[in-house]
Structure formats: structure tokens, C-alpha cells
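Visitor: I should like a close look at a single part of this model, with its surroundings described afterwards. Please begin at the start of the chain and work outwards from there.

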Amino acid sequence: MIELLFSVIFGQMALILLLLFKTPLRKLLIMALDRVKRGRGPLVLQSVAATVFVIMVYTIYGIREMYSHPAETSNPTDQVFLAYQTLQASLMGFSLFLAMIIDRLHQYIRELRSLRNAMEAAKKQNRGFDDAKNGGGEELNALKVELSTYREKVNTLESELNAKLQELKAAEGNAESLKKQSEGLLLEYDRLLEENQNLRSQLQSIDQSASHSDDKKNS
């Protein structure tokens, strides 16, 4: 029994050392412990631990009974048996303690791994946000450049429109002056036409008077 307990304790100490230091064996050990804790594994481990605890309590009770006897009644065999029982109870208690440490270490390593995974996911998400922000900044700069180009085009069109309006105003002024000139020419034409009519009427009256005088001379 003592040899078995020593083997268990040394094995537990080796497991603790493997869990404490980051080596390839630690990953395998963690995978093995994960499998052990699935299904009926926890129930079996709890049953073994309870059995060892009950044996330890029974051994401690026997040690107490032996200590309750008077010292003068004990013989060397009883003393050797008492030392054996004390060592056995101590080893069982230490084994349970190491088992609890292994369980806690495994739990802490799993939590640390999940925390690291969460931190890495958060970092990736932050990087994604930064990339999106940088991309948004580039798009914003592109939009600003495009907007400035459109503003330049609008300014150019406004200047061209103002030039066309000035040309249109000048053309309207020229048309107005031409209209006034045409009206003056029409008035002059009407005056000349009227004078022409007057001259024609005068010529006709002269012709008529001349022909009348010729007729009188002939007669």
C-alpha cells in the first residue's frame, strides 16, 4: 500500500510539473484530462477520491485509538504499526491534496486558454474595426476629392453661364438697336413714299394742264 501511494504521489507531482511548464506534453496532458472529465470520468474520480478519503479517515481513527492506549502497554510492533499507519494516512492525505491541485491547475489553464482566445478574438475584431476605419477614411478622402472636382466643374459651368448671359444681353442690346434702326428706316421709307406720291400727283397735274393747253392751241 505504501509503495502504491508513493507511486501515485510521484505521478501526481510529475503531472503538476507538466502542467506548470509550457511544453508539447502539456497539450497532450490537457487533452487527456479533458477526456477524463467527460462522461462518467468525473463520477469515477469522485468515487475513488471518496474511497481514499474514507480509508484515510478510518486510518486516522485507528491511529487515535492506538494513541489513546497507555504508552507502557505498547510494544515495538505496535509502534512500528503506528508509524506505518501514520505514514499511510499522511500519504493518502497528500495524494488527495495533489489531486485537488491538479484539478485546479487544469481548470485554471482552461480558463486562461479561453481568456486568451477571447482576447485574440477581440484583437482581431479591433483590427477589423481599424481596417474598416482606415478604409472608410480612404473612401472619405476619395469622396472629398470627387466633391472638389464637382465643385470645380460647377464653378466652370457658372462662369460659362455668366459669359453666355453677357453675350445674350449684348445680343439683345444689338437687336434693340437694330429694331430702332429698322423703325427709323420704315418711317423714312413712309416719308419718301409719301413724297413720291406727292411728286407723282404734281407731275400728273402738270401733264394734264400741259395737254389741256395743247388742245386749246390746236383748236
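Guide: What follows is an account of helix 1, then of the pockets and the other helices.

The model is a predicted one. Its chain contains 4 helices and 0 strands, and in sequence order the pattern reads α-α-α-α. Of the 219 residues of the chain, 12% count as buried.

Helix 1 covers residues 2–20, which makes 19 residues. At 1.5 Å a residue, helix 1 should span 27 Å, and the distance of 27 Å between its end C-alpha atoms agrees with this. The buried residues of helix 1 are Ile-2, Leu-5, Ile-9, Gln-12, Ile-16 and Leu-19. Because they cover an arc of only 110° around the axis, these residues lie on the same side of helix 1. The other side of helix 1 carries Glu-3, Leu-4 and Phe-10, which are exposed.

Phe-10 also belongs to an aromatic pair, and the structure holds 1 such pair. The partner is Phe-6: the ring centres of Phe-6 and Phe-10 are 6.2 Å apart and the planes stand at 25°, so the pair is stacked. The cut-off behind this reasoning is that planes under 30 degrees apart count as stacked. Phe-6 and Phe-10 are 4 residues apart in helix 1, so about one helical turn separates them. Phe-10 has a relative accessible area of 53% and is therefore exposed. Phe-6, at 33% relative accessibility, counts as partly exposed.

From the buried side of helix 1, Gln-12 leads to the largest pocket. Gln-12 is buried in helix 1, and Gln-12 is also among the residues that lie nearest the centre of the largest pocket, together with Leu-45, Ala-49, Ala-99 and Met-100. This pocket has a volume of about 730 Å³ and is lined by 23 residues. At least two residues of the lining come from each of helix 1, helix 2 (24–36), helix 3 (41–68) and helix 4 (76–218). By residue class, the lining of the largest pocket divides into 18 nonpolar, 3 polar and 2 charged residues.

The next helix along the chain is helix 2. Helix 2 has 13 residues and should span 18 Å at 1.5 Å a residue; its end C-alpha atoms are 19 Å apart, which agrees. Arg-26, Leu-29, Ile-30, Leu-33 and Asp-34 are the buried residues of helix 2. They cover an arc of only 140° around the axis and so sit on the same side of helix 2. Pro-24, Lys-27, Leu-28 and Arg-35 are exposed on the face of helix 2 turned away from its buried side.

Several of these residues return in the second largest pocket, which has a volume of about 260 Å³. Its lining includes Arg-26, Lys-27 and Ile-30. Arg-26 and Ile-30 are buried residues of helix 2, whereas Lys-27 is exposed on the face turned away from them. Lys-22 and Thr-23 also line this pocket, as do Ile-109, Leu-112, Arg-113, Arg-116, Asn-117 and Glu-120. Helix 2 and helix 4 each supply at least two residues of this lining, and helix 4 gives the most, with 6 residues. The lining of the second largest pocket divides into 3 nonpolar, 2 polar and 6 charged residues.

Helix 3 is made of 28 residues, and its first and last C-alpha atoms lie 41 Å apart, close to the 40 Å expected at 1.5 Å a residue. Gly-41, Met-56, Thr-59 and Ile-63 are buried in helix 3. Ala-50 is found in helix 3 as well, but at 39% relative accessibility Ala-50 counts as partly exposed.

Two C-alpha distances link residues that are far from one another in sequence number. Met-56, buried in helix 3, has its C-alpha atom 7.0 Å from that of Gly-93, although the two residues are 37 apart along the chain. Gly-93 has its place in helix 4 and is partly exposed, with a relative accessible area of 24%. In the second case, 9.5 Å separates the C-alpha atoms of Ala-50 and Leu-96, which are 46 residues apart along the chain.

Notes:
Residues numbered from 1 in each chain as written. Predicted model: local features only at pLDDT ≥ 70, side-chain atom pairs only at ≥ 80, totals over all residues. Heavy atoms only, no water. Expected span 1.5 Å × (residues − 1). Buried < 20%, exposed > 50% of the residue type's maximum accessible area, 1.4 Å probe, protein only. Arc of directions from axis to C-beta. 1 Å grid on protein atoms, 1.4 Å probe; cavity = no way out; pocket = protein on both sides within 12 Å on 5 of 7 lines; lining within 4 Å. Points joined across faces, edges and corners; volume = space filled by probe spheres on them. Nonpolar A, V, L, I, M, F, W, Y, C, P; charged D, E, K, R; others polar. Phe/Tyr/Trp six-rings, centres within 6.5 Å; stacked < 30°, edge-to-face > 60°.
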